[in-house]
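Subject: The structure you asked about

Hello,

Here is the structure I promised to pass on, with some notes on what turned up in it. Have the viewer open while you read, if you can.

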Amino acid sequence: MTSSLSVGQEFLCHCAKCNLELAHIIITMKGNEPGKVQCKTCQSVHTFKPKIIKKRGKRKSTQVQHLENWSSKMQSGKQEAPIDYSPTKKFEIGDIIRHPTFGDGIVNRLIDNNKIEIVFEADSKFLVHNK
Ligand SMILES: [Zn+2]
């Protein structure tokens, strides 16, 4: 990291309490890195940890990648309001749909006339359509 951080500045880091990547305010600096930071969401003050090492770190990073992929795809979606998913409806690439179980997703691929791949927030799913 080459960006110069300073006290009072806002930056993104992981909040252990919220268990999310959130905006924090730097309270103290430790060399070139933040020392203590305050979560803007839950207001808790904690020590900045540059790396979160977890046993399932690899799996987590795949999930993060998926989430980034999902959110950027969602931004490129055709409509702002999602279409309620139904197997009888016909969907096209770029359609944003809402599924009762999986939530909001975007049609990523047409597998065949009756099958589509949808990228949901948690995972990609193959669903039937156009039945
Ligand atoms: Zn928090």
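In what follows, helices and strands are DSSP runs, numbered from the N terminus, with at least four residues for a helix and at least two for a strand. Please keep in mind that this is a predicted model.

**Overall layout**

By that reckoning, the protein chain has one helix and 11 strands. Along the sequence they come in the pattern β-β-β-β-β-β-α-β-β-β-β-β. The radius of gyration of the protein chain is 20 Å, well over the 14 Å that the globule rule gives for 131 residues, so the chain is more spread out than a compact globule. Along the principal axes, the C-alpha atoms fill a box of roughly 60 × 30 × 25 Å.

The chain divides into domain 1, residues 10–47, and domain 2, residues 58–128. Between the C-alpha centres of domain 1 and domain 2 there are 32 Å. Of the 131 residues in the protein chain, 14% are buried. Among contacts with a separation of 6 or more, 19% are between residues 24 or more positions apart.

**Domain 1 and the segment before it**

Let me start at the N-terminal end. β1 (10–15) pairs with β2 (residues 20–26) in the antiparallel sense, over six bridges, and H14 has E21 in β2 as its bridge partner. The two strands form a hairpin with four residues between them, and N19 in that turn has a positive phi of about 55 degrees. β2 is also joined to β5 by three bridges, again running antiparallel; here H24 stands opposite C39 in β5.

L5 sits in the segment before β1. Leaving aside neighbours within four places in sequence, L5 is in contact with F11, I26, M29 and P34. One of these, I26, is 21 residues away in sequence, with 8.3 Å between the two C-alpha atoms. Is L5 buried or exposed? Neither label fits: L5 counts as partly exposed because it has 16 C-beta neighbours inside 10 Å.

**The five-stranded sheet in domain 2**

Further along is an open sheet of five strands, in the order β7-β8-β9-β10-β11, with mixed pairing. Its edge strands are β7 (83–84) and β11, each of which pairs on one side only.

You can walk through part of the sheet strand by strand:

- β8 and β9 are antiparallel and share four bridges. I97 stands opposite G105 in β9, and the hairpin that joins the two strands passes through three residues.
- β9 and β10 are antiparallel too, over six bridges. V107 stands opposite I118 in β10, and this hairpin passes through two residues.
- β10 (residues 115–120) and β11 run antiparallel and are joined by five bridges. E117 stands opposite F126 in β11.

**The nonpolar core**

Which residues make up the largest nonpolar core? There are nine: W70, Y85, I96, I97, I106, V107, I116, I118 and V119. β8 (96–99), β9 (103–112) and β10 each supply at least two of them, and the largest share, three residues, comes from β10. In soluble globular proteins, nonpolar side chains tend to be buried together.

V107 is a good residue to click on here. Not counting residues up to four places away in sequence, V107 touches F91, E92, I93, G94, D95, I97, I116 and I118.

**Two backbone angles to look at**

Most residues other than glycine have a negative phi. Two residues that go the other way are worth a look. Q43 has a phi near 70 degrees and lies in the loop between β5 (36–39) and β6 (45–47). Q43 counts as exposed because it has 9 C-beta neighbours inside 10 Å. N130 has a positive phi as well, near 60 degrees, and is found in the segment after β11 (124–128). With 14 C-beta neighbours inside 10 Å, N130 counts as partly exposed.

Happy to go through any of this with you.

Best wishes

Definitions and conventions
Residues are numbered from 1 along each chain as its sequence is written. This is a predicted model: local features need pLDDT of at least 70, side-chain atom pairs count only at pLDDT 80 or more; totals for chains, interfaces and linings use all residues. A residue is buried if 20 or more other C-beta atoms lie within 10 Å of its own, exposed if 12 or fewer, and partly exposed in between; C-beta atoms are placed from the backbone. Two strands pair if DSSP finds at least two bridges between them. Domain bounds come from an automatic or database domain assignment. Two residues are in contact if their C-beta atoms, placed from the backbone, lie within 7 Å. A nonpolar core is a set of buried Ala, Val, Leu, Ile, Met, Phe, Trp, Tyr and Cys residues joined through C-beta atoms within 7 Å. The radius of gyration is taken over C-alpha atoms; the globule rule is 2.2 Å times the number of residues to the power 0.38.
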